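Hi,

Here is the structure I promised to pass on. Have a look at it first, and then read my notes below.

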Amino acid sequence: MNKKLYLAGKEARHLRGLGHHLSPLVMIGKDGVTDNLTAALEAVLTAHELVKVKIQDGCPFAREEAAELLAQKTKSRIAQIIGKTFLLFRENKEQKEDKKIKLPKGK
């Protein structure tokens, strides 16, 4: 487990609250983490900053392994792993200020 990939404290709590009502936009299936899946996740992270990813039955990866692999490939951070679902966050500095997710300060 790479601690640098995980958000903690107030930031993670805030993002978990925002992510609770999101639907999964990316699904990992039996093919696992492919180049197409990574490209799709990159596009969704650029547009939304916070993405819910669901692991479907037949996925060759464990949930933590899949979350860490995708976080490394997309340079994002893991806000939460629960069941077969996890939240990834990556700040988009080019996004309009009113669309950006504002993280609370501190731990």
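Helices and strands here are DSSP runs, with at least four residues for a helix (H or I) and at least two for a strand (E), numbered from the N terminus. Counted that way, the protein has three helices and four strands, and their order along the sequence is α-β-α-β-α-β-β. Please keep in mind that this is a predicted model.

On overall shape, the C-alpha atoms fill a box of roughly 40 × 25 × 25 Å along the principal axes. The radius of gyration is 13 Å, which agrees with the value near 13 Å for a compact globule of 107 residues. Of those 107 residues, 39% count as buried. Among contacts with a separation of 6 or more, 72% are between residues 24 or more positions apart.

Now to the surface and the charges. The accessible surface comes to about 6700 Å², and carbon and sulfur atoms make up 52% of that. There are 21 positive and 13 negative side chains, and the centres of the two sets lie 6 Å apart.

One residue I enjoyed following is Tyr6, which lies in the segment before helix 1 (9-19). Is Tyr6 buried or exposed? Its relative accessibility is 18%, and the cut-off for buried is under 20%, so Tyr6 counts as buried. The side chain of Tyr6 makes a polar contact of 2.8 Å with the side chain of Glu68. Tyr6 and Arg77 are 71 residues apart along the chain, yet their C-alpha atoms are separated by 5.4 Å.

Best wishes

Definitions and conventions
Residues are numbered from 1 along each chain as its sequence is written. This is a predicted model: local features need pLDDT of at least 70, side-chain atom pairs count only at pLDDT 80 or more; totals for chains, interfaces and linings use all residues. Side-chain values use heavy atoms; hydrogens and water are left out. Buried means under 20% relative accessible area, exposed over 50%, partly exposed in between (1.4 Å probe, protein chains only). A polar contact is a pair of N or O atoms within 3.5 Å; within protein, one must be able to donate a hydrogen and the other to accept it, and residues adjacent in sequence count only if both atoms are side-chain atoms. The radius of gyration is taken over C-alpha atoms; the globule rule is 2.2 Å times the number of residues to the power 0.38. Contact means heavy atoms within 4.5 Å. Accessible areas come from the Shrake-Rupley method with a 1.4 Å probe; for residues, only the protein chains shown count as cover. Lys and Arg count as positive and Asp and Glu as negative; His and the chain ends are not counted. The place of a charge is taken as NZ of Lys, CZ of Arg, CG of Asp or CD of Glu.
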